[in-house]
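Let's take a walk through a protein model together. Keep the picture open while you read, and look up each residue as it comes along.

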Amino acid sequence: MKNFAMIGVGGYIAPRHLKAIKDTNNKLVCALDKSDSVGIMDSFFPDASFFTEFERFDRHLYKLHDTNEKIDYIAVTTPNYLHDAHIRCALRNNANAICEKPLVLNLKNIDQLAKIEKETGKKIYNILQLRLHDNIIALKERVEYELKQDPNKMYDIDLTYLTSRGKWYFVSWKGDENKSGGIATNIGVHFFDMITWIFGKVKQNIVHIKQPDVNAGYLELEHARVKWFLSVNYDYIPDDIKAKGQRTYRSITVNSEEIEFSGGFFDLHTKSYEKILEGNGFGLDAARNSVELVSYVRNAEISPLIGEYHKFCKKVL
């Protein structure tokens, strides 16, 4: 049994980490969140110590160093801009870090964290759960097989993800680009990780739309041409989806073939923890391509709608 701590236990994604710790027969010793609305802990680890102030939490971690509750892993489920600092806290306390995506907002932070890994001998793991989805694994295996037959093969991909959010989104940290990284980072980074994992590194990155509620662009990867559109604006959802009362629309096509992965998400965090505990988690290098991609999008100049672009761009411009 391993001892865990968690920073950000009051957040949206935290219950999946609590479940993963429980499902892998480990123990949450203590947790931190500035909000005290953390009753969800009672369903998993009612005896865990809880703190609302970082200083007291950090002191508690230090007190545990020479006890049988010394922390082995710290899960980081805080707002994106705090990931780097909280990962550093984990390693300073001689614990491995398990961090939600995006691991960090900028590529330079990965290089700095690599130095800290080397200094402490501890590891940093990123939750990249789409890499563990059965249908995504099957797609990767199919593409690898086809590329062996034709190493120059290129695929045409349309990536569309619309997940409606209310006015609260833009009041929260998620609506602040300095804290979330913007739309492409906050809701798109796991898709960008998936496609670069399967189709190779970025060769060209063009941004067509960069607004607070929508980002869109075109990517050329080693083996794919990708038109992408990401938004939290309900207005851009197709009418047939709205008619069904749905507020989310997700579609990924590869050579016009829809890739179905709407199900199969329930246990992916648990699978991620199992891999990490086996020593096979996704580390800093795995996070590098997607962090570099979204960081570029955040700072890129806008290009006109010439050549390849996502058809939904016409809904906006």
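Which residues does Asn 205 touch, not counting residues up to four places away in sequence? They are Tyr 218, Leu 219, Leu 293, Tyr 296 and Val 297. Before going on, bear in mind that this is a predicted model.

## Around Asn 205

You can find Asn 205 in strand 8, which covers residues 202-211. Its relative accessibility is 12%, so Asn 205 counts as buried, since buried means under 20%. Try another check on your screen: Val 226 is 21 residues away from Asn 205 in sequence, and the two C-alpha atoms are 9.6 Å apart in space.

## The mixed sheet

Strand 8 belongs to an open sheet of six strands with mixed pairing, and the order is 8-9-10-7-11-12. Strand 8 and strand 12 (257-258) are the edge strands, and each of them pairs on one side only. What holds neighbours in a sheet together? Strands pair through backbone hydrogen bonds, either parallel or antiparallel.

Now look at strand 7 (residues 155-163) and strand 11 (residues 248-254): they run antiparallel and are joined by seven bridges. As an example, Leu 159 has Ile 252 in strand 11 as its bridge partner. Helix 12 (residues 284-299) lies across strand 8, strand 9 (214-221) and strand 10 (224-231), and it runs at about 45° to strand 8.

## The parallel sheet

There is another open sheet to find, with six strands in the order 3-2-1-4-5-6 and parallel pairing. Why do strand 3 (49-51) and strand 6 (124-126) have one side without a neighbour in the sheet? They stand at the edges, and each has a single partner strand, so nothing in the sheet sits on the other side. On average, and with direction ignored, neighbouring strands here are turned by 20° against each other.

Zoom in on strand 5 (residues 96-99), which pairs with strand 6 in the parallel sense over three bridges. Cys 99, for instance, has Asn 126 in strand 6 as its bridge partner. Helix 3 (residues 83-92) packs on this sheet and touches strand 1, strand 4, strand 5 and strand 6. The direction of helix 3 makes about 155° with that of strand 5.

## Rings that meet

Time for some aromatic side chains: the structure holds 11 aromatic pairs. Why does the pair of Phe 4 and Tyr 73 count as stacked? Their ring centres are 5.1 Å apart and their planes are at 15°, and planes under 30 degrees apart count as stacked. This pair links distant parts of the chain, because Phe 4 is in strand 1 (residues 3-7) and Tyr 73 is in strand 4 (residues 73-76), 69 residues apart. Both rings belong to buried residues, with a relative accessible area of 0% for Phe 4 and 8% for Tyr 73.

Phe 51 and Phe 57 make an edge-to-face pair, with 6.2 Å from centre to centre and 65° between the planes. Phe 51 is buried at 17% relative accessibility, and Phe 57 is buried at 0%. You can also pick out a cluster in which ring pairs link Phe 229, Tyr 236, Tyr 249 and Phe 312.

## Charges over rings

Rings have other company too. The charged end of Lys 140 sits over the ring of Trp 197, 4.7 Å from its centre. Likewise, Lys 153 lies over the face of Tyr 155, at 5.0 Å from the ring centre.

## Two more buried asparagines

Is Asn 26 buried or exposed? It is buried, with a relative accessible area of 8%, and it is found in the loop between helix 1 (14-23) and strand 2 (27-32). Its side chain reaches the backbone nitrogen of Lys 2 at 2.7 Å, and a polar contact of 3.0 Å joins it to the side chain of Thr 24. Leaving aside neighbours within four places in sequence, the contacts of Asn 26 include Phe 4, Phe 45 and Leu 277.

Asn 186 lies in helix 8 (residues 183-186) and is buried too, with a relative accessible area of 18%. Which side chain does Asn 186 join through a polar contact of 3.1 Å? That would be the side chain of Tyr 169. With neighbours within four places in sequence left aside, Asn 186 is in contact with Asn 80, Tyr 169, Trp 173, Lys 174 and Ser 180.

Methods
Residues numbered from 1 in each chain as written. Predicted model: local features only at pLDDT ≥ 70, side-chain atom pairs only at ≥ 80, totals over all residues. Heavy atoms only, no water. Phe/Tyr/Trp six-rings, centres within 6.5 Å; stacked < 30°, edge-to-face > 60°. Helix = DSSP H or I, 4+ residues; strand = E, 2+ residues; numbered from the N terminus. Buried < 20%, exposed > 50% of the residue type's maximum accessible area, 1.4 Å probe, protein only. Lys NZ or Arg CZ within 6 Å of the ring centre and 35° of its normal. Pairing = 2+ DSSP bridges. Axes fitted to C-alpha atoms, helices over the stretch in contact; angles between N-to-C directions. Contact = heavy atoms within 4.5 Å. Polar contact = N/O pair within 3.5 Å; in protein donor to acceptor, adjacent residues only side chain to side chain.
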